[in-house]
Amino acid sequence: MSAGEIEALLKTVPEWRVVVEGGENRLQRTFTFPDFLQALAFTNRIGQLAESEGHHPKLITEWGRVTVVWWTHSANGLHRNDFIMAARTGELASA
C-alpha cells in the first residue's frame, strides 16, 4: 500500500497507529481493561474472529491490557483487510 492509501484508511480506525516492525508497516492498538480476566476474554474473542477470517494478529495479553497488531505477511506489510480487521477488533472491544 502507498503512504497515501495508508493515511486515508488510518482515518477509518482513528485509535490505531502505524508502527514499523521487522521493516514492515503494521497497525497497532492497545486496549485497556479493569483486570486480567477481561483482557483474556477479549483476547479470546479476537482469536475467534481471527480463526473465522483466516487472518491472525499478534496479540500481547497482560494484566489489564491487550495489544493487537495486524499486518499481512504475504504483502510484507499492510493490506486493506488489516484495516477491516482493526475496525472489527474495535467493535469487539465496544461490545
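This is a short talk on one protein chain, its helices, its salt bridges and a few single residues.

Right, let's start. What you see is a predicted model. Keep that in mind for every number I give.

First, the overall picture. The chain has three helices and four strands. Reading from the N terminus, the order is α-β-β-α-β-β-α. The C-alpha atoms fit a box of roughly 40 × 25 × 25 Å along the principal axes. How does the radius of gyration compare with that of a compact globule? For 95 residues, the rule gives a value near 12 Å, and the chain comes out at 13 Å, so the two agree.

Now burial and surface. Of the 95 residues, 38% count as buried. The accessible surface is about 5,400 Å². Carbon and sulfur atoms own 51% of that surface. And contacts: take those with a sequence separation of 6 or more. Among these, 57% join residues 24 or more positions apart.

On to the helices. I'll take H2 and then H3.

H2 has 18 residues. From first C-alpha to last, H2 reaches 26 Å, close to the 26 Å expected at 1.5 Å a residue. Its buried residues are Ala39, Phe42, Thr43, Ile46, Leu49 and Ala50. Look down the axis of H2: these residues fall within an arc of 120 degrees, so they line one face of the helix. Why should such a spacing in sequence give one face? An α-helix has 3.6 residues a turn, so residues three or four places apart point the same way. What sits on the other side of H2? There we find Leu37, Gln48, Glu51 and Ser52, and they are exposed. The buried residues of H2 pack against S2, S3, S4 and H3.

Next, H3, residues 80–94. H3 has 15 residues and spans 22 Å between its end C-alphas, close to the expected 21 Å. Buried here are Asp82, Phe83, Met85, Ala86, Thr89 and Gly90. They cover an arc of only 160 degrees around the axis, which puts them on the same side of H3. The face turned away from that side carries Glu91 and Ser94, both exposed. And the partners? The buried residues of H3 pack against helix H1 (3–10), strand S2 (24–32), helix H2 (36–53) and strand S4 (65–70). S2 and S4 also appeared in the list for H2.

Now the charges. The structure holds six salt bridges. I'll show three of them.

Start with glutamate 21. Its side chain meets that of arginine 26 at 3.1 Å, N to O. Is each partner buried or partly exposed? Arginine 26 is buried, at 9% relative accessibility. Glutamate 21 is partly exposed, at 27%. Glutamate 21 also pairs with lysine 58, at 2.9 Å, N to O. Lysine 58 lies in strand S3 (residues 58–62) and glutamate 21 in strand S1 (residues 17–21), so this pair ties together parts 37 residues apart in sequence. Lysine 58 is partly exposed, at 29%.

The third bridge joins glutamate 62 and arginine 65, with the closest N and O atoms 2.9 Å apart. Glutamate 62 is partly exposed, at 32%. Arginine 65 is partly exposed as well, at 40%. Back to glutamate 21 for a moment: salt bridges with shared partners join Glu21, Glu24, Arg26 and Lys58 into one network.

Two single residues to finish.

Glutamine 28 lies in strand S2. Its relative accessible area is 16%, and the cut-off for buried is under 20%, so glutamine 28 counts as buried. What does it touch, leaving aside neighbours within four places in sequence? Glutamine 28 contacts Glu15, Trp16, Arg17, Val19, Thr67, Val68 and Val69. One of these, Arg17, belongs to strand S1 (residues 17–21). Thr67, Val68 and Val69 belong to strand S4 (65–70).

Last, serine 2. This residue sits in the segment before H1. Serine 2 is partly exposed, at 37% relative accessibility. Which distance is worth showing here? The C-alpha atoms of serine 2 and leucine 78 are separated by 9.4 Å, and the two residues are 76 apart along the chain.

That's the tour. Happy to take questions.

How values were computed
Residues numbered from 1 in each chain as written. Predicted model: local features only at pLDDT ≥ 70, side-chain atom pairs only at ≥ 80, totals over all residues. Heavy atoms only, no water. Helix = DSSP H or I, 4+ residues; strand = E, 2+ residues; numbered from the N terminus. Expected span 1.5 Å × (residues − 1). Buried < 20%, exposed > 50% of the residue type's maximum accessible area, 1.4 Å probe, protein only. Arc of directions from axis to C-beta. Contact = heavy atoms within 4.5 Å. Rg over C-alpha atoms; globule rule 2.2 N^0.38 Å. Areas by Shrake-Rupley, 256 points an atom, 1.4 Å probe, with all protein chains shown as cover. Salt bridge = Lys/Arg side-chain N within 4 Å of Asp/Glu carboxyl O.
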